[in-house]
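User: I would like to go through the aromatic contacts and the internal space of this model. Could we begin with the rings?

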Amino acid sequence: MIDLRSDTVTKPTAGMLDAMLKAEVGDDVYKEDPTVNALEERVAEMFGKPKALFFPSGSMANQAALKLHTNPGEQVICDKYAHIYNYEGGGASFNSGISCKLIDGDRGMFTAEQVAEAINPPDFYHSPLTSLVAVENTTNKGGGACWDFFELKKLRETCNAHNLGYHLDGARIWNAVVKKEEKAVQYGRLFDTISVCFSKGLGCPVGSVLIGDESLMKGAIRIRKILGGGMRQVGYLAAAGLYALDNHLERLEEDHKKAQELGSVLSTLSCVKVVEPVETNIVIFELNDMISETKFQQKLIAKNIHIIGMGGGKLRMVTHLDYSDAMHTKVLQTIQDM
Ligand SMILES: *Cc1c(COP(=O)(O)O)cnc(C)c1O
């Protein structure tokens, strides 16, 4: 089966499994797992932040960040496409008792001006108190789009001017950094907290890290415990993360190239209305009235190729570590023949 539904479908490589097997472990709830500690230190250093904490999932890392930045009744500003709003089970309200003020952005991205407009005046006690701005890079529902770093800097100034926290959902920050030839430390300097995922493009079975400043992160381990995310000998999983940083980061370029090629071929099809700009490893496209999404997907499934619907008439393909050159050749040929 050729699985282009998501970059989360990868399985650990032999090298990764070997690294996991050889990991030195201890009880991480006591902070005695040397491999988890090593991964946290490594990620903290990459982003130039004092603290990092290992989490079982990106959703939990984001949810912990929301909790660290807010009090119940307050509000976070994010895009209408944001993962924290759409795909974390309503956790913002469930865990933190906060609401989301949605910005009608462009492919999951917005401007500092739009944020300034979305901030509720703090003295106007009828409205929720705005306390946080959350951005996503790359954007998931926005089709793997990368933020302009200059806009992110302007947003930092807006947050400073209004005393707001600034969180980055960096589930796919690795893709952005590789694509734009940026440094992780740029992001560390800008944001108060950053969540990163190892279970997407980097090919790990599980694992995320929340990075942040000393004062905010003091409460992170307690919140992780409350959310049920305190784990024991998880150095086996952290070892996969360390292995991925050494072996799977640079190769994201290959995923980006394959996604570009998929986008190019799709855009030549008469049944495709529009292919959104392809910047990293996600391809989002819409069909015209000639064919339904279900029919299109069925035609691919008949060739053993699986893609996913995003709602609103959009379809998505995501390239990843387990999507080989041979699979790519077959998929390009199959689409071309449709
Ligand atoms: C995948 C993803 C997450 C985290 O998801 P988990 O499945 O909980 O690890 C967070 N944000 C974005 C943008 C994502 O794509």
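**Aromatic contacts and internal space**

Analyst: Phe47 and Trp174 are both buried. Please note that this is a predicted model.

User: How many aromatic pairs does the structure hold?

Analyst: The structure holds six aromatic pairs. In one of them, the ring centres of Phe47 and Trp174 are 5.9 Å apart and the planes stand at 65 degrees, so the pair is edge-to-face.

User: Which parts of the chain does that pair link?

Analyst: Phe47 belongs to helix H2 (residues 34-47) and Trp174 to helix H8 (residues 173-180). The two residues are 127 residues apart, so the pair links distant parts of the chain.

User: And what about Trp174 and Phe198, how are their rings arranged?

Analyst: Their centres are 5.7 Å apart with the planes at 45 degrees, so this pair is tilted. Phe198 lies in the loop between strand S7 (193-197) and strand S8 (208-212), so the pair ties helix H8 to a part 24 residues apart in sequence. Both Trp174 and Phe198 are buried. Phe47, Trp174 and Phe198 form one aromatic cluster.

User: Changing topic: how many cavities of 30 Å³ or more are there?

Analyst: There is one, and the largest cavity has a volume of about 70 Å³.

User: Which residues lie nearest its centre?

Analyst: Of the 13 lining residues, Asp79, Ala82, Ala134, Val135 and Glu136 lie nearest the centre of the largest cavity. Strand S3 (75-79) and strand S5 (130-136) each give two or more residues to this lining, and S5 gives the most, with three.

User: How does the lining divide into nonpolar, polar and charged residues?

Analyst: The lining of the largest cavity has seven nonpolar, three polar and three charged residues.

Technical notes
Residues numbered from 1 in each chain as written. Predicted model: local features only at pLDDT ≥ 70, side-chain atom pairs only at ≥ 80, totals over all residues. Heavy atoms only, no water. 1 Å grid on protein atoms, 1.4 Å probe; cavity = no way out; pocket = protein on both sides within 12 Å on 5 of 7 lines; lining within 4 Å. Points joined across faces, edges and corners; volume = space filled by probe spheres on them. Helix = DSSP H or I, 4+ residues; strand = E, 2+ residues; numbered from the N terminus. Nonpolar A, V, L, I, M, F, W, Y, C, P; charged D, E, K, R; others polar. Phe/Tyr/Trp six-rings, centres within 6.5 Å; stacked < 30°, edge-to-face > 60°. Buried < 20%, exposed > 50% of the residue type's maximum accessible area, 1.4 Å probe, protein only.
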